[in-house]
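Q: Please take a close look at the pairing of strands in this structure. Start from a single pair of facing residues and work outwards from there.

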Amino acid sequence: MERISLPVPIGALQELALAAFRCCGLNEADAEAAAEVLVTTDAWGVYTHGTKSLRGYARRLRGGGLRADGRPQIVRQGPAWAVIDGDSSVGMVTARFAMRTAMDKARACGLGFTTVRNSCHFGAAGFYAWMAAREGMVGQAMANDTASVTAPGSRGPVLGSNPFAFAAPAGEEAPILLDISTAAVAGGKVRIAAAFGQPIPPTWLVDLQGAPTLDPHLYPHAASLTPMAGHKGYGLALMIETLSGLLSGARLTQAIGSWIDSDPALPTDHGHAFLALDVGAFFPLDQYRQRMDELIRQIRSAPKAQGQERIWLPGEKEWEAQAQARVHGIPLPADVRESLSGLIGDLGLARPDWL
Ligand SMILES: NC(=O)c1ccc[n+]([C@@H]2O[C@H](COP(=O)([O-])OP(=O)(O)OC[C@H]3O[C@@H](n4cnc5c(N)ncnc54)[C@H](O)[C@@H]3O)[C@@H](O)[C@H]2O)c1
């Protein structure tokens, strides 16, 4: 009889993620911080970048390319900016430290910018931008990644799928949260299509000749992602590479280790960048909140296109998924469950009854 998978309570998934990070040697604070990023991402319904990635991070922690005892540190700074060395600690730990540093500086100076080297994949960029929005700040989070995306006219990849997130607080309304890769689609979605035999649109991938392909199995070795919106996504990815990789001194494009496929004994040296703007320094916060609510409501109530019932604000789908998850649990898809099963096998953890 086929086993029906019930949604997993948020706390239960957090316990498993915590157990995995502890088992890999992280201290309690780092394990909690990293687990919370991944579980929140799943609660938002962004399953490509939540606990599914844990198995890859654990492999690299055990291989030595990630350091359980790594300590991100500020290596240069001014009143409103800092350069941070991640010390090869877990990407989520380093990214939280770097966004917290940007927010502290924004509290003092109105804005704070941090750039990070010697990090690894940090998961969903949105978590870090949301950290700022929760404290009355506008936040941006960015990262470079190993090259997987073409430029218009190129035959192979020139830049990573460099994610970008923007979050802005509101008043009675939920914050705005835009969290996207700068590729036509995040590479994780192509991997899922390949694993489940799902069709992909002709706009996602090009083959080694630069021609569109419908075969997700070719990615990443014999096909590349296309940039989001052609030259516009390509230009944004280049901006992110500049802020995350060049300003920090991190590796760039092809030189960055793939956090999934490269030798787990080696650091990947990803770069990140974080910006925090303290709204109250620019404009009275209560008036800003009221105006943002008005803007959101104006957009939401705009006339709908034929056949459409709703205009979404960036982040609304995630907030609705999170509200459902808090009540009913997270409906983890089969590929995430499979990855978690592999993780507990790798680490020799007790299998939770929900898996
Ligand atoms: N760490 C990395 O190297 C890396 C690389 C690439 C992507 N990512 C992550 O992958 C995730 C998915 O990226 P993606 O490009 O597939 O995202 P996506 O195309 O699914 O877009 C998601 C964003 O679009 C918003 N959105 C969706 N439908 C909308 C609508 N109708 N109207 C308004 N807003 C809408 C969502 O609220 C969300 O902010 C992100 O969390 C990103 O940070 C990480």
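A: Leucine 205 stands opposite threonine 213, which belongs to β8. The model is a predicted one: local features need pLDDT of at least 70, side-chain atom pairs count only at pLDDT 80 or more, and totals for chains, interfaces and linings use all residues. Residues are numbered from 1 along each chain as its sequence is written.

Strand β7 covers residues 205–207, and 2 bridges join β7 to β8, the two running antiparallel. (Strands, E, at least two residues, and helices, H or I, at least four, are DSSP runs numbered from the N terminus; two strands pair if DSSP finds at least two bridges between them.) In the order β8-β7-β9, 3 strands make an open sheet with antiparallel pairing. Its edge strands, β8 (212–213) and β9 (223–225), each pair on one side only.

Another open sheet has 7 strands in the order β1-β2-β3-β10-β4-β5-β6, with mixed pairing. Here the edge strands are β1 (73–78) and β6, each pairing on one side only. From one strand to the next, the twist averages 10 degrees. (Axes are lines fitted to C-alpha atoms, for helices over the stretch in contact, and angles run from 0 to 180 degrees between N-to-C directions.) β1 is joined by 5 bridges to β2 (residues 81–85), and the two run antiparallel. Glutamine 77 stands opposite alanine 82 in β2. Helix α5 (residues 126–133) packs on this sheet and touches β4 (137–143), β5 (164–168), β6 and β10 (270–278). The direction of α5 makes about 165 degrees with that of β4. (Contact means C-beta atoms, placed from the backbone, within 7 Å.)

The edge strand β6 also gives the most to the shell around the ligand, with 4 residues. There are 27 residues around the ligand, and Ala124, Pro163, Ser181, Ala186 and Trp312 come nearest. (A residue is near a molecule if its C-beta atom, placed from the backbone, lies within 6 Å of it.) The elements giving two or more residues to this shell are β6 (176–180) and α10 (316–328). By class, the shell has 14 nonpolar, 8 polar and 5 charged residues. (Ala, Val, Leu, Ile, Met, Phe, Trp, Tyr, Cys and Pro count as nonpolar, Asp, Glu, Lys and Arg as charged, and the others, Gly among them, as polar.)

How values were computed: Two residues are in contact if their C-beta atoms, placed from the backbone, lie within 7 Å.
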